[in-house]
Amino acid sequence: MQVQINWVNAHAFDLGSPGSNHVVRIDAPVESGGTDTGLNPKKLLLGSLCGCSGIDVVDILKKMKVTFQRIEISAHAEQTDETPKTFRFIHMIYKTDAAPEDADKVARAVSLSHEKYCGISAMLAKHCPITYEIAHF
């Protein structure tokens with residue numbers, strides 16, 4: 001696995017991977033010297049956690065034959081005050097429109113993602129606690 005970033009201007013970089021046409025802009029807010037044209041690195045990391053777990057949850061729910069049309073995952077992290085500012089904790093909220101009778105299956109899918117499948121969750125959990133809750137649309 002390999003990625004590369006290329007400087008655009010100020011604090012903006014374009015992230016890509018050799019052999020891929022996908023590009024993600026990483027930047028900082030204007031007040032930090034950036035141009036605010038992309039997510040900052042820590043928000044991108046939280047987004048990667050949501051995406052990694054989300055892929056797991058979708059795959060697991062499909063194997064369980066759970067019907068859904070929407071899944072939304074959000075993550076909130078509190079940072080330390082000292083430099084380097086790292087995450088003190090991460091809290092995630094999983095929302096889905098799966099039927100109420102499938103609530104146990106949704107909970108199992110989320111649990112399996114964090115306990116067994118999501119590598120980003122496993123890496124981040126070595127540094128700070130990750131908690132989650134499940135809600136219904």
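**Close-up 1. The hairpin formed by strands β1 and β2 in the predicted model.** Two residues separate β1 from β2 in this hairpin, and within the turn A10 adopts a positive phi of about 40 degrees. Strand β1 covers residues 4–9 and strand β2 covers residues 12–16, and the two run antiparallel, joined by five bridges. One pairing that can be followed across the hairpin is that of N6, whose bridge partner in β2 is D14.

**Close-up 2. The largest pocket and the residues that line it.** The space in this pocket amounts to about 300 Å³. Its lining includes M1, Q2 and V3, together with L15, G16 and S17, and it is completed by S20, H22, V23, V24, L44 and S48. The elements that contribute two or more residues to this lining are β2, which also takes part in the hairpin, and helix α1 (41–63). Sorted by class, the lining residues comprise six nonpolar and six polar ones, with no charged residue among them.

**Close-up 3. The surroundings of the cysteine C128.** With a relative accessible area of 4%, C128 is buried. The closest cysteine sulfur to that of C128 belongs to C118 and lies 13 Å away, and because a disulfide requires the two sulfur atoms to be within 2.5 Å, this separation is too far for a bond. The structure as a whole holds zero disulfides.

Key. Residues numbered from 1 in each chain as written. Predicted model: local features only at pLDDT ≥ 70, side-chain atom pairs only at ≥ 80, totals over all residues. Heavy atoms only, no water. Pairing = 2+ DSSP bridges. Helix = DSSP H or I, 4+ residues; strand = E, 2+ residues; numbered from the N terminus. Buried < 20%, exposed > 50% of the residue type's maximum accessible area, 1.4 Å probe, protein only. 1 Å grid on protein atoms, 1.4 Å probe; cavity = no way out; pocket = protein on both sides within 12 Å on 5 of 7 lines; lining within 4 Å. Points joined across faces, edges and corners; volume = space filled by probe spheres on them. Nonpolar A, V, L, I, M, F, W, Y, C, P; charged D, E, K, R; others polar.
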